[in-house]
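Visitor: I've got the sequence and the model up on my screen. Could you walk me through some of the packing and the odd backbone spots?

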Amino acid sequence: MKKENFDMPVASFNPDPMKLSLFTDGLPDMPFEMVLDEAAKMGIEELEIGTGGYSFAPHCDMQTLLKSADARKEYLNQIESRGLRIGTLNCSANPLGPGERWASHGPDVMDSMRLAGALGVKHMVAQSGLPAGAPGELTLNWVTHTYPPEMLDVLKYQWDVAIEFWTKAAALAKENGVETIAFENHPMNLVFNVNTIKQLREGVGDDIIGMNFDPSHMFFMGGDPLMIARELAKENLVYHIHAKDTRINPEVKGLNALELGPYNGKAADRCWNYVAVGYGHDSLWWKTFFAILAAGDYHGPVSIEVEDPLMPNNLVAIQKSAAFLHETMLK
């Protein structure tokens, strides 16, 4: 009987697949070298590194790296010696916030752009931020309804502030070789959905602006991540993906609609909780999500971010998320 030859090359339909990534802030108490070893064990390909803003930047001393070429060389060697690379720097911050509370966030964003240039990183993750409702005010104001009509005045002021800042930040990013700034669709930010990311890109007037699409936020805000992914892909607006899941507690959400309890409150009492990937939505949902992204020509990172209050610890949640994503991503 003739032996079949199964060693022949197979044509690739998806020659530039998505890359499994890890946002290392999920392991803030673990030494960087150990994080790198764990990432390599899990088959992670790229890293997303927190640099400042809301992050304590546990794995990046930004000022040292900005000042010292030797420090940068050693830092990159630690990463590359394990077969990893930095795909993205993340400065999730509120650079538009008023007063002293957020005074460091704008400079952190700008320094992150400079660090990206120094490290040769082409992609940034950010949050749009949120100003107060009028000049001189010190309290953030997230407008989610335009009645009374004075709310439109608030929005106009806020968008003027945002576009002025991000136009300057985008120019600095480009000076440093950054090709994309991906804004997370996060609540309490001006950019949180399809219309608002389009508004920021149009206002800045540069396609360096795109979205870091995190489906976990849309699950509890009430949007449809599959519809959103399809719509964003039409205009090449997806620049980064956070792999993060949400489980709704319907018996609580049905009564309260919005979650206004403590962020770290008892999981059973909340309307929703962030969970490891696959523990809120099944493999068919995630496979459909990735298929829509691939059909829309997305080939970038799928970066694991975890905040699961029911897992033993974040490392376990990351390991379970990575195993699930290896089976569901188009890679």
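Visitor: Where is the place of Asn236?
Guide: Bear in mind that this is a predicted model. Asn236 has a positive phi of about 50° although it is not a glycine. Most residues other than glycine have a negative phi. As for its place, Asn236 is in the loop between H8 and strand S7 (238–243).

Visitor: Is Asn236 buried, partly exposed or exposed?
Guide: Buried would need a relative accessible area under 20%, and exposed one over 50%. Asn236 has a relative accessible area of 48%, so it falls in between and is partly exposed.

Visitor: And Asp297, which loop is that in?
Guide: Asp297 has a positive phi too, about 70°, although it is not a glycine. At 55% relative accessibility, Asp297 counts as exposed, because the cut-off is over 50%. Its place is in the loop between H10 and strand S10 (301–304).

Visitor: The peptide bond from Tyr147 to Pro148: cis or trans?
Guide: Pro148 is in the loop between S4 and H5. In general, most peptide bonds are trans. For the bond from Tyr147 to Pro148, omega is near 5°, and that makes the bond cis.

Visitor: Let's do helices. At what angle do H8 and H10 pack?
Guide: Two packed helices are described by the angle between their axes and the distance between the axes. For helix H8 (residues 225–234) and H10, the axes are 9 Å apart. The two count as roughly parallel, because their angle is under 35 degrees. That angle is about 10°.

Visitor: Which residues of H10 make the contact with H8?
Guide: By class, this contact has seven nonpolar, one polar and one charged residues. H8 brings Pro225, Leu226, Ala229 and Arg230. From H10 come Trp285, Thr288, Phe289, Ile292 and Leu293.

Visitor: What about H10 and H11: are they parallel, perpendicular or oblique?
Guide: The axes of helix H10 (residues 283–295) and helix H11 (residues 314–328) come within 9 Å and cross at roughly 60°. The crossing is right-handed. An angle of 35 degrees or more is not roughly parallel, and roughly perpendicular starts at 65, so H10 is oblique to H11.

Visitor: How do the residues of the contact of H10 with H11 divide by class?
Guide: H10 contributes Ser283, Trp286, Lys287 and Phe290, and H11 contributes Phe324, Leu325, Glu327 and Thr328. Sorted by class, they come out as four nonpolar, two polar and two charged.

Visitor: How far apart are the C-alpha atoms of Glu327 and Ser283?
Guide: Glu327 lies in helix H11, and it is exposed, with a relative accessible area of 63%. Along the chain, Glu327 and Ser283 are 44 residues apart. Their C-alpha atoms are separated by 8.3 Å.

Visitor: Which residues of H1 make the contact with H3?
Guide: The axes of helix H1 (residues 32–41) and H3 come within 9 Å and cross at roughly 30°. H1 and H3 are therefore roughly parallel to each other. The H3 side of the contact is Tyr75, Gln78 and Ile79, while the H1 side is Phe32, Glu33 and Leu36.

Visitor: How many residues of H4 are buried?
Guide: The buried residues of H4 include His105, Val109, Met113 and Leu119. They pack against several elements, among them helix H3 (69–80), strand S3 (85–91) and helix H5 (150–175). H4 is largely enclosed by the rest of the structure, because the buried residues number eleven of 15.

Visitor: What should the 15 residues of helix H4 span?
Guide: The estimate uses 1.5 Å a residue, times one less than the number of residues. The end C-alpha atoms of H4 (residues 105–119) are 21 Å apart, which agrees with the expected span of 21 Å.

Visitor: What follows H4?
Guide: The next residue has a positive phi, near 75°. That residue is Gly120.

Visitor: Last one: is Leu89 buried or exposed?
Guide: Leu89 lies in strand S3. Leaving aside neighbours within four places in sequence, its contacts include Ile49, Thr51, Leu115, Ala116 and Val125. Leu89 has 1% relative accessibility, under the 20% cut-off, so it counts as buried.

Note on methods. Residues numbered from 1 in each chain as written. Predicted model: local features only at pLDDT ≥ 70, side-chain atom pairs only at ≥ 80, totals over all residues. Heavy atoms only, no water. Axes fitted to C-alpha atoms, helices over the stretch in contact; angles between N-to-C directions. Helix = DSSP H or I, 4+ residues; strand = E, 2+ residues; numbered from the N terminus. Parallel < 35°, antiparallel > 145°, perpendicular 65-115°, else oblique. Left-handed = near helix turned anticlockwise from the far one by under 90°. Contact = heavy atoms within 4.5 Å. Nonpolar A, V, L, I, M, F, W, Y, C, P; charged D, E, K, R; others polar. Buried < 20%, exposed > 50% of the residue type's maximum accessible area, 1.4 Å probe, protein only.
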